[in-house]
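Q: Please take a close look at how the helices pack in this model. Then show where the pockets lie.

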Amino acid sequence: MATQTGGGSDFVNNLGKIYGIYTGGFAAFVVLLAILEQVGVPDRVIGYLFVFFTLAVYAGIGILSRTMQVSEYYVAGRRVPAFYNGMATAADWMSGASFVGMAGTLYALGYDGLAFVLGWTGGYVLVAVLVAPYLRKFGAYTVPDFLAARFGGHVARFLGIIVLFACSFTYVTAQVYATGIIASRFLGISFEVAVFVGLLGILLCSMLGGMRAVTWTQVAQYIVLIVAYLIPVVILSAQRYGVPIPQLMYGQVLQEIAGLEQKLVADGLASAENLKPYLQPFTTYSPLNYFGLILCLMIGTASLPHILMRYFTTPSVRDARKSVGWSLLFIFLLYFTAPAYAAFAKLEVYQNVIGTAITDLPQWIYTYGNLGLVKICGADATTVDVIRAACTAKGTGDGVLALGELSINRDVIVISMPEIAGLPYVIAGLVAAGGLAAALSTADGLLLAIANALSHDIYYKMVDPHASTARRLVVARVLLVVVAIGAAWLASTRPADILSMVAWAFSLAAAGNFPALVLGVWWKRCTSAGAIAGIISGFGITLYYLVMTRYFGMGEWFGVANISAALFGLPIGVIVMIVVSLFTPAPSKEVQDLVDELRKPRGGTMMEGGDVKVKAA
């Protein structure tokens, strides 16, 4: 049965051997493509092989993990060991935003970009201490499931679904956007078509096997993405300094960047007024926005439904705690490298691109210029003639590229880095495979969170409580496809850069979920009316501020950027929840006993098959 389910005891007991063989096979595949590049196989063929081979492997895992069991589809049978759940969570977490967007943001913002690293990493402390173990002990299938049981009735469940849908759909759109950028570059197709190519890979990974398929696929994707992220910057560090540990060389690179900035000003290639020093804080964000963003990202991390769902899959509460620790370690490997990755990219551009004659620009400028991702003098860098005409029209046509004339889309820094540094094309293909793995893994988890909430919390719990297992899973799969197509269409319109969309999702999750989850676990006096009022007010104000400042030209309140919109909704949600709870009758003794039981470190799972089975005496 293990072969069919992919979740039997034989499979779990042999995970080390299975993923060891997988890792060795992937390494051999990369070596083979490196050899093919040396014997003259065209770059485009190598790009196609990277994209389609990795997609085929993920799809194969997804298909082999197909299931018609509810617990397997929703929570992988609660059999995922802590180590592998940590790896899957890291892949689920390190999305296109982390892999593709973070280093690009650090490249563009310098010091201010560290807010993303600090906020996202710090959030896992809140996950481990305040939320994950208790949700695992409760044993719900979804976050709205917990809200319904803790606060009673379908109103809290429905509000939880709205919050889940808003933040997850925003987040998944960013992931499909990332797959579109990568696929358009390495398959040579338009971005609008590429997003649907990426969508196909996402659906093949998750549609048939649900959480079980997504879990084992994400473990495989983590291996690819972390290898792909580390190799280019390790090679550059070894080539430049003779030390293959870029994190140790980060300080040296920063010193060289600071020296080059002064030289660019002295050579007239940058103006002191317009050059934002890479190491200077608060050049983009004010202190309020910088620390506000860190807070929103930390609390959003502890509130994202697709991340919290991962801790429903471990065998026990103890494993859920250990899983958070493993997650943080695996995430640390990438986050500790991202600042160095951005700094090496900045150094390469300063040394080898700025100050170059327009006629001698490297080929990668035109490759990404034709995709609309690199501009010179305000025009897409498609040909030398286009660049020369644009610079002449702006009155800067001296034939040499100045810093202010070059604009690189921050979302392509990572995937273009091997080409910027002149590394073999096979490294560029490897990075593309890693970025695709990161975006696909998170998109799988997000789509599953949305589809599970719609099928389990709305269809099964509110529409047809007597639906058969087969019907419930068919509904889940149909809804997953519908949501995925909607996200792909929205991504094809390029609504914003990846990191902005992700930050919006975190603010929505923080304001909508965090107060209800934390107070629901840690304050027995929190009532149903208080939770409902708190979710509506906190989430509503955050959504209003986001939409109005982004799309309707409303000015910022107190100078707070909309990526930190939860600064308004979060405190209001907490205050309203507390005040309304104090002015309404206390929860029943049964509910208060349930909360007491929930907070005990030992004891069995409290909810099995959708109903609370274990209650305090």
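A: What follows goes through three helix pairs and then two pockets. The model is predicted.

Start with α10 and α21. Helix α10 spans residues 153–187, and helix α21 spans residues 425–463. Their axes lie 8 Å apart, at an angle of about 160 degrees. An angle over 145 degrees counts as roughly antiparallel, so α10 is roughly antiparallel to α21. The crossing of this pair is left-handed. Sorted by class, the contact of α10 with α21 holds 25 nonpolar, seven polar and four charged residues.

Helix α21 also packs against α6, residues 82–93. Here the axes are 7 Å apart and the angle is about 100 degrees. That value falls in the 65 to 115 range, and α6 and α21 are therefore roughly perpendicular to each other. On the α6 side, the contact is made by Ala-91, Asp-92 and Trp-93. On the α21 side, Ala-438, Ser-441, Thr-442 and Gly-445 meet them. The contact of α6 with α21 divides into three nonpolar, three polar and one charged residues. Asp-92 belongs to α6, and Asp counts as charged.

Now the third pair, α3 and α4. Helix α3 covers residues 15–38, and helix α4 covers residues 43–64. Their axes come within 11 Å and cross at roughly 165 degrees. That makes α3 roughly antiparallel to α4. The crossing of α3 and α4 is right-handed. From α3, the contact takes in Tyr-22, Phe-26, Phe-29, Val-30, Leu-33, Leu-36 and Glu-37. From α4, Ile-46, Leu-49, Phe-50, Phe-53, Thr-54, Val-57 and Tyr-58 meet them. By class, the contact of α3 with α4 has 12 nonpolar residues, one polar and one charged. Thr-54 sits on the α4 side and Glu-37 on the α3 side. Thr counts as polar and Glu as charged.

Next, the pockets. The largest pocket holds about 580 Å³ of space. It is lined by 24 residues, and the closest to its centre are Ala-108, Lys-276, Lys-346, Leu-403 and Leu-406. Three elements give two or more residues to this lining: α7 (96–109), α17 (338–352) and β3 (406–408). The lining of the largest pocket comprises 13 nonpolar, six polar and five charged residues.

The second largest pocket has a volume of about 320 Å³. Its lining has 15 residues. Closest to the centre of this second pocket are Ala-166, Thr-170, Leu-490, Trp-504 and Tyr-551. Helix α10 returns here, as it gives two or more residues to the lining. Helices α23 (498–522) and α24 (528–551) do too. By class, the lining of the second largest pocket has 12 nonpolar, two polar and one charged residues.

Two helices link these views. Helix α21 packs with α6 and with α10. Helix α10, in turn, contributes to the lining of the second largest pocket.

Methods: Residues numbered from 1 in each chain as written. Predicted model: local features only at pLDDT ≥ 70, side-chain atom pairs only at ≥ 80, totals over all residues. Heavy atoms only, no water. Axes fitted to C-alpha atoms, helices over the stretch in contact; angles between N-to-C directions. Helix = DSSP H or I, 4+ residues; strand = E, 2+ residues; numbered from the N terminus. Parallel < 35°, antiparallel > 145°, perpendicular 65-115°, else oblique. Left-handed = near helix turned anticlockwise from the far one by under 90°. Contact = heavy atoms within 4.5 Å. 1 Å grid on protein atoms, 1.4 Å probe; cavity = no way out; pocket = protein on both sides within 12 Å on 5 of 7 lines; lining within 4 Å. Points joined across faces, edges and corners; volume = space filled by probe spheres on them.
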